[in-house]
Amino acid sequence: MQNETKQAKQNRNKARNWLIALIVLVVVTVVACWPTNYYIESPGEAVPVGQFIKSKNKKPNNFYLVTVSETSRPASVAQYLWSYTRKFDTRIPSSELLGGQTGSQYQELQGWFMDTSQQNAIYYAAKKAGLKPKLNYKGVYVLNVQKHSSFKNKLQVGDTVLGANGHNFHSTEGMMTYLQKQKIGSKVTISVLRNDEKKLFTGKIVHVEGTNKAGIGIQLVEHVKVTTKPKLTINAGQIGGPSAGLMFTLTSYEVFTNHNLTKGHKVAGTGTIAPNGQVGIIGGADKKVVSASKAGAEIFFAPTDSTGVKKSATNYVVAKKTAKQIHTKMKIVPVSSFEDALKYLKSHY
């Protein structure tokens, strides 16, 4: 009887220990999977730009755009902690990354930035190649509606503003000039394209946030379409953002001119492209250097633009520092414009 009692106690203790272990496991699992308020950015891939180009002319395959890998939703506690074991991972607060937008709105925004980048690239490359590209103005994409705007609960991210008070515009500058001439507090009716349907919204002219100028209180990006002869289009699929602008432009220029700019050398790089050929700053320069080096790139173009950052934190400075840290043989080349990149390629290859 005593042996049976001891055995029963042992069984109860064993069962209790198993239960405690199970509870601890469940708690640890739940905590590890619990979402944080951070997104994780990591080195992505180096991808040949030529595969995104559609043209009758020969497409080069030695220019590479470089991506940054980003978690699709806020990282879990486990992902957040694990990121500290990866040297080039960065933890970005949701508020900083999304800027008050939803995840889907953010992804749409990256798609619009990519589309604008592609159009600017085709336009400038065609002009530089001596062609006569046609720039067709479609309106402006609404990226954000400012808090004090009277259109706050009317406009949506992704709407295309076509005109105001019956006036249709042929450029963003034209629209902004018209709105800036209106009196603060005066009524304005704007025409908007949403899901292929035209809508009218009425509000008031306000001071644009951060300026003393009049407007309707939106953050915008120009919506244009470029047509060229020969025809060239770019479709980068699910890749978003404006940072491949320079590499799109170099590839498009080679397609238009049939010049062999790389002579078989692998060339990667990053940077936005403006309609005048200026190359702008991007995010994640360190991660892109890591990815380009892993892909075997020999050259990496890095913007020297210092807009919004200290000169000691420009893409070029960060890229040089990263290249030194990973002991790559890849050469980091500073560029402020498309001309800089083209001149380098022509003088070295």
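These legends describe close-up views of a predicted model.

**View 1. An open sheet of six strands with mixed pairing.**
The strand order is S4-S1-S3-S14-S17-S18. Strand S4 (90-93) and strand S18 (331-335) stand at the edges. Each has a single partner strand, so one side of each is left without a neighbour in the sheet. From one strand to the next, the twist averages 35 degrees.

**View 2. Strands S1 and S3, running antiparallel.**
Strand S1 spans residues 38-48, and strand S3 spans residues 63-70. Six bridges join the two. Valine 47 stands opposite leucine 65 of S3.

**View 3. Helix H6 packed on the sheet.**
Helix H6 covers residues 245-257. The strands it touches are S3, S14 (267-269), S17 (299-303) and S18. The direction of H6 makes about 155 degrees with that of S3.

**View 4. Helix H4 against helix H6.**
Helix H4 runs over residues 103-128. H4 and H6 pack at an angle of about 40 degrees, and their axes are 8 Å apart. That angle makes H4 oblique to H6. H4 passes H6 in a right-handed crossing. From H4, the contact takes in Met114, Ser117, Gln118, Ala121, Ile122, Tyr124, Ala125, Ala126 and Lys128. From H6, Gly245, Phe248, Thr249, Ser252, Tyr253 and Phe256 meet them. By class, the contact of H4 with H6 has nine nonpolar, five polar and one charged residues.

**View 5. Helix H6 against helix H9.**
Helix H9 spans residues 338-348. H6 and H9 pack at an angle of about 55 degrees, with axes 10 Å apart. The two helices are therefore oblique to each other. The crossing of H6 and H9 is right-handed. H6 contributes Leu246, Thr249, Leu250 and Tyr253 to the contact. H9 contributes Phe338, Ala341, Leu342, Leu345 and Lys346. The residues of this contact divide into seven nonpolar, one polar and one charged. Thr249 and Tyr253 of H6 appear in the contact with H4 and also in the contact with H9.

**View 6. Helix H7 against helix H8.**
Helix H7 covers residues 285-294, and helix H8 covers residues 315-325. They pack at an angle of about 45 degrees, with axes 8 Å apart. That makes H7 oblique to H8. H7 passes H8 in a right-handed crossing. On H7, the contact residues are Ala285, Asp286, Val289 and Val290. On H8, they are Asn315, Val318, Ala319, Thr322 and Ala323. By class, the contact of H7 with H8 has six nonpolar, two polar and one charged residues.

**View 7. The span annotated "domain: Lon proteolytic" in UniProt.**
The annotation comes from an unreviewed entry and covers residues 240-344. In the model, the end C-alpha atoms of residues 240-344 lie 27 Å apart. The span is 39% helix and 16% strand.

**View 8. The span annotated "domain: PDZ" in UniProt.**
This feature, also from an unreviewed entry, is placed at residues 130-202. The end C-alpha atoms of residues 130-202 lie 44 Å apart. The span is 12% helix and 45% strand.

**View 9. The cis peptide bond from lysine 229 to proline 230.**
Omega is near 0 degrees at this bond. Proline 230 lies in the loop between strand S12 (218-227) and strand S13 (232-234).

**View 10. Asparagine 258, with a positive phi.**
Phi is about 60 degrees here, although the residue is not a glycine. Asparagine 258 lies in the loop between H6 and S14. H6 packs on the sheet and touches S14.

Conventions:
Residues are numbered from 1 along each chain as its sequence is written. This is a predicted model: local features need pLDDT of at least 70, side-chain atom pairs count only at pLDDT 80 or more; totals for chains, interfaces and linings use all residues. Side-chain values use heavy atoms; hydrogens and water are left out. Two strands pair if DSSP finds at least two bridges between them. Helices (H or I, at least four residues) and strands (E, at least two) are DSSP runs, numbered from the N terminus. Axes are lines fitted to C-alpha atoms, for helices over the stretch in contact, and angles run from 0 to 180 degrees between N-to-C directions. Contact means heavy atoms within 4.5 Å. UniProt positions are given in the numbering used here, feature names are shortened, and annotations may be inferred rather than shown by experiment. Angles under 35 degrees count as roughly parallel, over 145 as roughly antiparallel, 65 to 115 as roughly perpendicular and the rest as oblique. A crossing is left-handed if the near helix is turned anticlockwise from the far one by less than a right angle, and right-handed if clockwise. Ala, Val, Leu, Ile, Met, Phe, Trp, Tyr, Cys and Pro count as nonpolar, Asp, Glu, Lys and Arg as charged, and the others, Gly among them, as polar.
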